[in-house]
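Dear colleague,

Please find below the structure I promised to pass on to you. My notes on it follow directly after.

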Amino acid sequence: MTAGALTRPGERQRLIVRLGEIDWTYCAVICVIAAAGGAMLYSVAGGQWQPWAAEHLIRFGFWFLVMIALAMVDLQVWFFIAYPLYAVSLALLVWVAKGGHSALGAQRWINLGPIHQFQPSELMKIGLVLALARFYHGLSAKNAKLSFWLLIPAALIAMPAALVMKEPDLGTALLICATGFAIMILAGLDLRVVAAGAVLAGSVVPFLHLVLKPYQYLRLMSFMNPGADKSGAGYHTWQSQIALGSGGLLGKGFGLGSQSQLNFLPEKQTDFMFASLAEEFGFVGCIAILLLYAAVIFMSLRIASIAHSHFGRLGAAGVTATLAFCVLMNGAMVMGLAPVVGVPMPLLSWGGTVMMSMMLGFALIMAVRVQRYAEISSGKGSVL
């Protein structure tokens with residue numbers, strides 16, 4: 001849909017119809033979560049809009065408009081760009097490995113002109129979902145269940161996961177693997193393969209120290225007993241649990257979280273934003289925000305279930321899986337139920353590239369919602 005085409009009456013009518021098909025309730029829930037994130041970023045900065053809250057809300061406003069615009073784009077276009085976007089994302093990950101920007105002991109970013117500290121692994125989240133959805137769109141149910149064709153999606157998952165692990169970014173690498181395998185399962189992967197994969201994954205646990213960085217391995221082990229090294233490997237988890245516990249039922253109140261305000265809580269604006277919220281709004285606040293995430297996940301799965309095209313179903317379901325795994329991994333990490341792996345809470349935590357990837361994912365879900373009756377041509381055709 002070009003800018004010139006939008007000047008024609010037929011195209012304008014089509015645009016109006018598509019705008020009417022957007023699920024505005026879905027959009028409202030997303031806005032509430034992002035607004036809660038802005039409020040918490042204002043709080044943990046000591047009642048200041050800078051350096052996080054204002055930028056967070058401006059970024060969200062920009063990407064929200066992009067989301068609405070991309071929801072109007074034909075699903076055939078999303079289908080067409082799937083492999084190119086994956087290839088670009090993979091090339092950017094190679095760029096990171098060769099000469100990316102380093103900070104805090106990791107090499108995860110590149111500078112793209114005016115965009116500083118762009119994180120290609122976030123773009124890969126969407127690129128992988130689109131690539132796998134396109135691959136399975138043209139694959140028969142028999143081949144999706146168990147065949148040598150499964151080597152292709154396995155390679156599509158393994159290549160970016162290996163590059164992200166090299167950065168190192170264990171959390172995002174795990175997220176890429178989890179999302180990829182979720183799409184494979186939804187596409188019809190034989191459960192015997194799933195079981196064999198689970199057994200294989202369990203068998204490599206004793207050898208994790210050979211592939212992980214020393215600090216990653218220490219974090220992996222320390223979550224079992226964070227109190228054993230409160231000032232070292234267990235510091236993040238220990239301080240997070242203090243914040244969670246001190247919040248009680250209703251919390252200490254907005255702007256009154258001592259763990260975050262006094263900087264005991266590490267990465268309070270990113271990885272441990274959920275702990276900051278728990279301290280100020282307590283158990284009730286945590287349940288409220290989790291219910292909002294659950295609503296987004298439920299509505300996303302519903303959209304995936306009513307899509308007529310296989311590409312649309314798997315694309316929407318893949319983004320939903322990414323969101324669900326992010327919420328699950330961050331929540332478990334904050335509560336000490338999983339190792340600290342550096343996965344932020346979507347829309348709630350501060351971060352530019354993270355915001356971009358999640359909003360692009362929502363754009364895909366909304367495009368599937370708007371064009372749920374569309375069929376995707378595997379060739380050069382258009383949406384039928």
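Gln 371 sits in the segment after α15. In this predicted model, Gln 371 is buried, with a relative accessible area of 6%. Setting aside neighbours within four places in sequence, Gln 371 is in contact with Arg 18 and with Ala 71, Met 72, Val 73, Asp 74 and Leu 75.

The helix before that segment, α15 (residues 352–370), packs against α5 (residues 120–137) at an angle of about 25°, and the two axes are 7 Å apart. Because angles under 35 degrees count as roughly parallel, α5 is described as roughly parallel to α15. On the α5 side, the contact is made by Glu 122, Leu 123, Lys 125, Ile 126, Val 129 and Leu 130. These residues meet Thr 353, Val 354, Met 356, Ser 357, Leu 360, Gly 361 and Leu 364 in α15. By class, the contact comprises eight nonpolar, three polar and two charged residues.

Turning to the interior, the largest nonpolar core has 105 residues, and those with the most contacts inside it are Tyr 136, Met 359 and Phe 362. Leaving aside neighbours within four places in sequence, Phe 362 is in contact with Tyr 26, Ile 30, Met 67, Val 296, Val 319, Leu 323 and Leu 347. In soluble globular proteins, nonpolar side chains tend to be buried together.

Leu 347, one of the contacts of Phe 362, deserves a separate remark. Its place is in the loop between α14 (310–335) and α15, and its phi is near 70°, a positive value in a residue other than glycine. Leu 347 is buried, with a relative accessible area of 6%. A second non-glycine residue with positive phi is Glu 267, at about 45°. Glu 267 lies in the loop between α12 (258–261) and α13 (273–306) and is partly exposed, with a relative accessible area of 35%.

Two cis peptide bonds should also be noted. One runs from Gln 50 to Pro 51, with omega near 10°; Pro 51 is in the loop between α2 (24–44) and α3 (53–71). Another joins Glu 167 and Pro 168, with omega about 0°, and Pro 168 lies in the loop between α7 (151–166) and α8.

Helix α8 itself (residues 170–186) has 17 residues and reaches 24 Å from its first C-alpha to its last, close to the 24 Å expected at 1.5 Å a residue. Its buried residues include Leu 170, Gly 171, Leu 175, Ile 176, Thr 179, Ile 183 and Met 184. After α8 comes Gly 188, with a positive phi near 115°.

Lys 230 is found in the loop between α10 (214–222) and α11 (235–247). Lys 230 is partly exposed, with a relative accessible area of 41%. Beyond its neighbours within four places in sequence, Lys 230 is in contact with Tyr 235 and Trp 238.

As for the chain overall, there are 15 helices and three strands. Of the 384 residues, 50% count as buried. Among contacts between residues at least 6 apart in sequence, 72% join residues at least 24 apart.

With kind regards

How values were computed:
Residues are numbered from 1 along each chain as its sequence is written. This is a predicted model: local features need pLDDT of at least 70, side-chain atom pairs count only at pLDDT 80 or more; totals for chains, interfaces and linings use all residues. Side-chain values use heavy atoms; hydrogens and water are left out. Axes are lines fitted to C-alpha atoms, for helices over the stretch in contact, and angles run from 0 to 180 degrees between N-to-C directions. Helices (H or I, at least four residues) and strands (E, at least two) are DSSP runs, numbered from the N terminus. Angles under 35 degrees count as roughly parallel, over 145 as roughly antiparallel, 65 to 115 as roughly perpendicular and the rest as oblique. Contact means heavy atoms within 4.5 Å. Ala, Val, Leu, Ile, Met, Phe, Trp, Tyr, Cys and Pro count as nonpolar, Asp, Glu, Lys and Arg as charged, and the others, Gly among them, as polar. The expected span of a helix is 1.5 Å times one less than its number of residues. Buried means under 20% relative accessible area, exposed over 50%, partly exposed in between (1.4 Å probe, protein chains only). A nonpolar core is a set of buried Ala, Val, Leu, Ile, Met, Phe, Trp, Tyr and Cys residues joined through side-chain atoms within 4.5 Å.
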